[in-house]
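Colleague: Got a minute? I'd like to go through this model with you.

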Amino acid sequence: MHDKFKDADVLLEIKDLKIEGYSDETWVPIIKGVDLTLHRGEVMGLIGESGAGKSTIGAAAMGYARDGTRISDGSIEFDGMELTTASEAERRALRGSRIAYVAQSAAASFNPSHKIIDQHTEAPVHYRIKKRLEAQEDAMELYERLRLPNPGEIGFRYPHQVSGGQLQRAMTAMAMSCRPDLIIFDEPTTALDVTTQIEVLAAIRDIVDQFDTAAIYITHDLAVVAQMADTIKVLLKGEEVEQAPTQVMLDSPQEDYTKSLWAVRSFNSPQRHRPTDGSQPLISVQNVDAAYTGGVKVLDDVSFDIYPGMTVAVVGESGSGKSTTARCITGLLPPMSGQIMCKGEPLPPRYKDRTRDQLRQAQMIYQMADTALNPKVRISDIIGRPAQFYGGLHGSALKQRVDELLDLIELDPAKFYSRYPPELSGGQKQRIGIARALAAEPEFIICDEVTSALDQLVAEGILKLLDRLQDELGLAYMFITHDLATVRSIADEVVVMQHGKVVEQGPKDEMFTPPHHPYTDLLLSSVPEMDPEWLSTVLEERGVDNIGEAADP
Amino acid sequence: MGDLTRLVFKRLGLGLGTILVVSVLIFFAVELLPGDIAEAVLGQGATEETVTAMREQLGLDRPAFVRYFEWLGGAVTGDFGVSLVSGERVSDAISDRFVNTLFLASYAAVIAVPISILLGVFTALYRNTIFDRVANVMTLTTISSPEFFLGYVLILFLAVRATMFPAISSLSGDMGLLELLHRAFLPMLTLVLVVTAHMMRMTRAAIINLLASPYIEMARLKGTPPWKVIVKHALPNAWAPIINVVALNLAYLITGVVLVEVVFVYPGIGQLLVDAVAKRDFPVVQACCLIFAATFILLNLAADVGAILTNPRLRHPK
């Protein structure tokens, strides 16, 4: 327990909580006996990988079991009220008024059909805490405190008219609308760019401090939780691993699992350099402009080279044109001007006009392995089809090739050959995605945010695999990512993009050493560090009004 | 707003194009009917002279596409030619009947649409309860029974045994509205029973489909009561599919009521069409088909526009 809260009242006490989920016609345990004590004004960070049960515990703290789950045992006592035995109406009366919730994706969690402020005032009006107009005024005040632009007007917009970072702050304001005692933050910044994340983090921390609200902060990002939490609880597969005050937890984790989480950013691939013998780049993007039909220009004079066997990381916020560049290279989006060269030969702008050998050169691995693999097609066919199309293999030769590819991605052919994607875990699916790209025997692969949907340990496995394949097969990667830790661990060269333009590019060691382009500097300094004082330091350096979108140079 | 009006006009233009294509299909489909129209109209007693005279009178000796454009030009101004059987102007023969059909369709729609949407909302709210199951089974039963069977069952119970409503819906122009509503009650009820299930189930499905959305969970975690979650948070986002199904059913109420009209001897356009087909009165057939096509296209257009209007992203662009 944190010393600071020794004398504070206990607000939430969860004892031996067990929650079950319904799958395959039976109830299976998801949470296997977790205890949690939260004092007034305390912020507890819940961390763990996906499937650890963080969000389930967060919902349970509101007396809420998601569809298909049930609280099977244990007690949840909120301010003297036992939630497991309370009636549904009693529990509902707490939600929104005394316990509020901030969801991961504000864009999906605001109702698209209503104005932001109407959703904000719904709870206070419903609970007769405030009249509608009072609640609206209060909302504007909160918007101002959270440093939203035009606080008097922004609430009267619809959710799709407001940017993601602003929506997330508006959602935090909404959670505050009834001045709750406890707020559950469920991965509130996971879906945001680093530059936006920082302003949301600052806003959340500020408002939680100002109103002395207790909070449960759920995340898988250790550096983020270090900024927000007084206490950290680590979870693994529905069980508690350990709990300690933040500084203690960061300095001296006790359990091996926690240590392995802390050590995850250690993987580092030695940096390669461009050949000095004047050889040609494998892929060369030259002065490419591009736009989607009828839209504004999304790429503006983009140029960079990728040499054989090297990894070029393309970084930038969402909407900066990273994936569009990949679409131009693969020929899915013909550029308006400029060209893509492959080994000195210009590639036809449309993939339909490319020869089979040219098509083979540009393979892709996608962010969401879930949606990039057809759930109704067998693994052997997913990998076999490109092997057949590009390699002309049939029968036993094809089967042998698929086995070989499965071996290459470290999955046992005997086990996986005839399975379907839904039977696989997230990391295994991503490996299948890699095998599918390898099946064409390319020299160049575009990896589009391949690790961002994965847990850190799994992501690390994928990065190691990609690195090994690069060494063995001499592959070149274009690695699209917004995660600078990933860039640091595997890139040889870095291209920084913003608003469809390349703002800076160069070898990794140079890019990570000052002086930087101001935008690169902003990106780098926005990446949270494990030091709990990091956020305060950055805010001090930049000034509170100069973070996030406002800091855009 | 400019984008929206442009979108609506674009759809209207497309609708007009579709009607034009359909008019071609209708005209030449009638042309393709086997046998000589003049012979068929005159019957067995026709002499060669009368047939030739008839052909000339109908203009059958001229090329089909010339006659198509004449017909289309007339149709645009509301002149569909003259009935071959009665010699009456087709527009006169159809207009009264069409008004009757529209009356019956609106009567049924005014009752069926609110009932189905309300039932849909309630079955979504009380999903998987006894109420939900009973409502589903009942509406499925009525939609699965043929309309004429439903009609006769209703006649048996409500006209013959209980004598509350007339079994035959003969209408005349001098009746008051109440009298008209009373006369048309049984055909209306039959139609309501036929169309309710489809609309109700779509409403229910569209709402339930949204219940897994994050914003619905958010509403629940704000302490919103279940009925409000459905009505305020799910329904506004479910309109697009509901409006489409409502439009299809409204179109059906106008164009698919032949059997019901026959059972209740209701003087609507469906009966007219059946008679005209039997008697080879092709100007009437063509006019009816064109009206039906226009109804379908217009209602679908209305559904498209409705779906656009209920989409906040299109209504309030960035």
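Modeller: Sure. Domain bounds here come from an automatic or database domain assignment. On that basis, chain A has domain 1 (8-93 + 229-259) and domain 2 (283-378 + 425-513).

Colleague: How far apart are the C-alpha centres of those two domains of chain A?

Modeller: They lie 39 Å apart. Some ground rules: this is a predicted model, local features need pLDDT of at least 70, side-chain atom pairs count only at pLDDT 80 or more, and totals for chains, interfaces and linings use all residues. Residues are numbered from 1 along each chain as its sequence is written, chains are lettered from A and ligands numbered from 1 in the order in which they are written, and side-chain values use heavy atoms, leaving out hydrogens and water.

Colleague: Sheets next. What is the strand order in the open sheet of chain A?

Modeller: The order is β12-β11-β14-β15, four strands with antiparallel pairing. Strands are DSSP E runs of at least two residues, helices are H or I runs of at least four, and both are numbered from the N terminus. Two strands pair if DSSP finds at least two bridges between them.

Colleague: Which strands stand at the edges?

Modeller: β12 (297-306) and β15 (345-346) of chain A. Each has a single partner strand, so one side of each has no neighbour in the sheet. β15(A) pairs with β14 (337-342) of chain A over 2 bridges.

Colleague: Switching to chain B. Is helix α10 mostly covered or mostly open?

Modeller: Mostly covered: in α10 (214-221) of chain B, 7 of the 8 residues are buried. Buried means under 20% relative accessible area, exposed over 50%, and partly exposed in between, with a 1.4 Å probe and protein chains only. Among the buried ones are B:Tyr215 and B:Arg220.

Colleague: What covers them?

Modeller: Parts of both chains. The cover includes β6 (99-102), α3 (106-109) and α6 (164-176) of chain A, plus α9 (185-210) and α11 (226-255) of chain B. Contact means heavy atoms within 4.5 Å. Just after α10(B), B:Gly223 has a positive phi of about 85°.

Colleague: Which residue other than glycine has a positive phi near 50°?

Modeller: B:Val265. Most residues other than glycine have a negative phi. B:Val265 sits in the loop between α12 (258-264) and α13 (269-278) of chain B. B:Val265 is partly exposed, at 40% relative accessible area.

Colleague: And where is A:Arg128?

Modeller: In the loop between α4 (116-126) and α5 (132-145) of chain A. A:Arg128 has a positive phi of about 55°. A:Arg128 is exposed, at 74%.
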